[in-house]
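Trainee: Got a minute to go through a model with me?
Mentor: Sure, put it up and ask away.

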Amino acid sequence: MLSEMSEMPNAPAAYSRMVRPATGRVVAGVAQGAAAQLRLDPVVLRLAFVLLTVVDGLGVVAYAALWMFTPKEEVKGREPAREWGQLAAYGVLWLVLAGFAWMTGASSGGFGTWPIAVGGIGALILWQQADPGRRQRWMSGAVKQVSTTWVRTGIGALLVVVGAIGFLAASGELAKARTGLVFTAVVVGGMLMIAAPWLATLVKELQRERTERIRQEERAEVAAHVHDSVLHTLTLIQRNAHDAREVARLARSQERELRNWLYQPKQDADASLAAAVRRVAAEEEDAHGVQIEVVCVGDCELNEGLVALLHAARQAMVNACKYSGAPVVSVYAEVEPDEVTVFVRDRGKGFVLDDVPGDRMGIRQSIIGRMERNGGSARVRTEPGDGTEVMLTMKREQ
Amino acid sequence: MKTVRVLIVDDHRLFRSGVRAELGPSIQVIGEAEDVESAVTAIGELQPDVVLLDVHMPGGGGQEVLRRVLGSGSQVRFLALSVSDAAEDVIGVIRGGARGYVTKTISGAELTDAIIRVSEGDAVFSPRLAGFVLDAFASTEAPPIDPELDSLTQREREVLRLIARGYAYKEIAKELFISVKTVETHVSSVLRKLQLSNRHELSRWATARRLV
């Protein structure tokens with residue numbers, strides 16, 4: 001959701017002044033500037049200008065006026081070239097439309113221009129609708145996503161039809177066209193009736209085939225995974241059936257692996273803190289045969305300080321697994337906007353911190369010393385019989 | 001002490017008998033069900049105090065049972081029990097009306113404790129669920145629609161953090177210098193927010209996590 005918001009092309013502030021951008025301009029950037037202001041596609045406005053130009057040259061006047069009153073966007077360095085290809089395309093479009101209007105007499109203004117305008121607006125709505133990026137952006141804000149799309153499409157189609165009929169009526173051709181229209185409607189309707197069941201089956205068939213194919217691919221992937229890892233572990237378990245500890249370790253490690261595969265988002269353990277914490281915990285769990293439960297809230301990229309934090313957390317896990325005697329160790333990592341905190345906790349024996357001999361490197365050097373050297377802090381809370389909790393905090397570099 | 005009458009709903013027979021054997025003497029298992037249909041029927045007939053509900057089952061899973069039973073106005077309390085760690089399963093079943101979520105790796109004693117808690121109307125959060133909730137409520141910067149329901153208080157956040165760190169309710173009470181009852185009140189309040197909040201980010205967050 002948020003990422004979509006940030007993708008909005010530099011959403012203008014509340015009262016930003018309209019400017020004419022130099023990049024991607026066709027004539028003077030007026031349409032582009034206005035489009036950014038109205039949050040429309042520039043193409044829509046360009047077409048609108050072309051359409052208006054067909055009608056008594058209104059478009060040219062409007063364009064010129066906007067050109068005069070809109071400041072140009074500052075550009076550093078060489079000014080980018082005009083989009084000559086686009087300009088040619090709009091020119092051709094204008095020629096075609098003008099020719100059409102001249103033949104039908106719709107260019108003289110007045111009532112005769114209305115059908116073209118209505119039809120044009122309808123076509124613009126439909127065109128806008130067909131642009132996937134735009135549609136996505138609209139959809140993300142809309143509550144009833146599907147219905148709004150349909151309403152827009154409906155309005156667009158209706159306007160085009162009204163425009164066409166109005167055009168025929170205005171040019172006095174409606175009566176003549178009626179016979180032709182009736183004929184066309186009957187033929188098209190009849191063809192649709194003949195083809196509809198066949199079309200429906202075709203669509204259904206295609207959908208069925210597609211889901212079937214996806215399902216098969218998924219099944220193949222699951223089969224491969226189960227074969228590779230789960231079956232191997234089961235074989236190992238049977239071979240080690242006499243060694244209860246080894247069996248438990250194998251089962252636990254396979255469970256963890258399967259769980260990650262099923263439920264965890266794919267993450268790079270060399271780049272993401274949450275994935276790295278999970279990996280460290282998994283490695284120590286395997287090495288010591290003690291269950292380590294990991295809960296992560298939030299995530300961020302690893303940096304030097306956080307790598308130190310990871311090393312300290314690993315040492316804390318090793319201590320908990322080796323000396324506490326607890327069957328389960330809890331690890332909780334939370335990423336907040338300004339700092340990262342990791343808790344490693346066990347409900348084991350506990351110890352008296354001051355009694356730890358000075359030559360024992362584990363806590364003093366690998367945990368507390370390491371954190372302090374890297375600008376973080378470590379706090380150890382423990383009491384005999386009351387378990388141990390190590391809290392590691394590292395500021396995030398902004 | 002009053003015994004709690006429990007119905008076990010799970011499609012794995014082995015698992016049902018395993019749970020039955022592990023539960024403490026204060027729990028009386030009054031029946032078992034193995035799919036959505038039989039669960040709905042059994043709940044209607046037996047009126048258990050607590051239903052131990054599996055999330056993945058043939059015929060729509062735990063969420064379907066919740067929908068049909070709670071939709072008919074029943075006051076039966078549900079504790080979801082699952083192997084799944086998927087965020088959308090956890091959040092989905094809680095929003096469907098379960099009063100707690102624990103994973104199947106939980107020990108017999110802890111499960112007994114959780115069932116009694118749910119039977120008394122309290123909520124049961126596993127460390128992972130607490131993590132999910134913290135993540136879901138923190139993951140968006142959009143202004144809340146209903147400030148009362150869409151954000152957690154400082155105290156609730158502290159309680160959830162301690163649950164995520166592996167603290168039991170009793171340990172949380174000691175840590176925060178409050179009573180166990182107050183801890184329960186905070187957790188129940190978080191549960192209510194989780195169930196009633198209109199914030200659609202919650203479900204979207206849960207599904208988005210899988211797609212990352």
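**Chain B, then chain A**

Trainee: Let's start with helix α3 of chain B, residues 61–71. Which of its residues are buried?
Mentor: Keep in mind that this is a predicted model. The buried ones in that helix are G61(B), G62(B), Q63(B), V65(B), L66(B) and V69(B).

Trainee: And what do those buried residues pack against?
Mentor: Elements of chain B: the strands β1 (4–9), β3 (50–54) and β4 (77–82), plus the helices α2 (36–46) and α4 (87–95).

Trainee: What follows α3(B)?
Mentor: G73(B), with a positive phi near 90°.

Trainee: OK, the sheet. What's the strand order in chain B?
Mentor: β2-β1-β3-β4-β5-β6, an open sheet of six strands with parallel pairing. At the edges sit β2 (27–33) and β6 (124–125) of chain B, each pairing on one side only.

Trainee: How many bridges join β1(B) to β2(B)?
Mentor: Six, and the two strands run parallel. To find your place in that pair, look at V4(B), which stands opposite I27(B) in β2(B).

Trainee: Which strands does helix α1 of chain B touch?
Mentor: Helix α1 (residues 13–22) packs on the sheet against β1, β2 and β3 of chain B, and its direction makes about 160° with that of β1(B). Your α3(B) packs on the sheet too, touching β1, β3 and β4 of chain B, with its direction at about 145° to that of β3(B).

Trainee: Switching to chain A. Where does UniProt put transmembrane regions?
Mentor: The unreviewed UniProt entry places that feature at residues 43–66, 87–105, 111–128, 149–169 and 181–203 of chain A.

Trainee: How far apart are the end C-alpha atoms of 43–66 in chain A?
Mentor: 17 Å, and that span is 88% helix and 0% strand. For residues 181–203 of chain A the end C-alpha atoms are 29 Å apart, with 100% helix and 0% strand.

Trainee: Back to the start of chain A, then. At what angle do the axes of α3 and α4 cross?
Mentor: Roughly 130°, with the axes of helix α3 (residues 42–54) and helix α4 (residues 58–69) of chain A coming within 5 Å. So α3(A) and α4(A) are oblique to each other.

Trainee: Which residues meet there?
Mentor: On the α3(A) side, F49(A), V50(A), L51(A), L52(A) and T53(A); on the α4(A) side, L58(A), G59(A), V60(A), A62(A) and Y63(A). By class, the contact of α3(A) with α4(A) has eight nonpolar residues, two polar and no charged ones.

Conventions. Residues numbered from 1 in each chain as written. Chains lettered and ligands numbered in written order. Predicted model: local features only at pLDDT ≥ 70, side-chain atom pairs only at ≥ 80, totals over all residues. Axes fitted to C-alpha atoms, helices over the stretch in contact; angles between N-to-C directions. Helix = DSSP H or I, 4+ residues; strand = E, 2+ residues; numbered from the N terminus. Parallel < 35°, antiparallel > 145°, perpendicular 65-115°, else oblique. Contact = placed C-beta atoms within 7 Å. Nonpolar A, V, L, I, M, F, W, Y, C, P; charged D, E, K, R; others polar. Buried ≥ 20, exposed ≤ 12 C-beta atoms within 10 Å, placed from the backbone. Pairing = 2+ DSSP bridges. UniProt positions renumbered as here; feature names shortened; annotations may be inferred.
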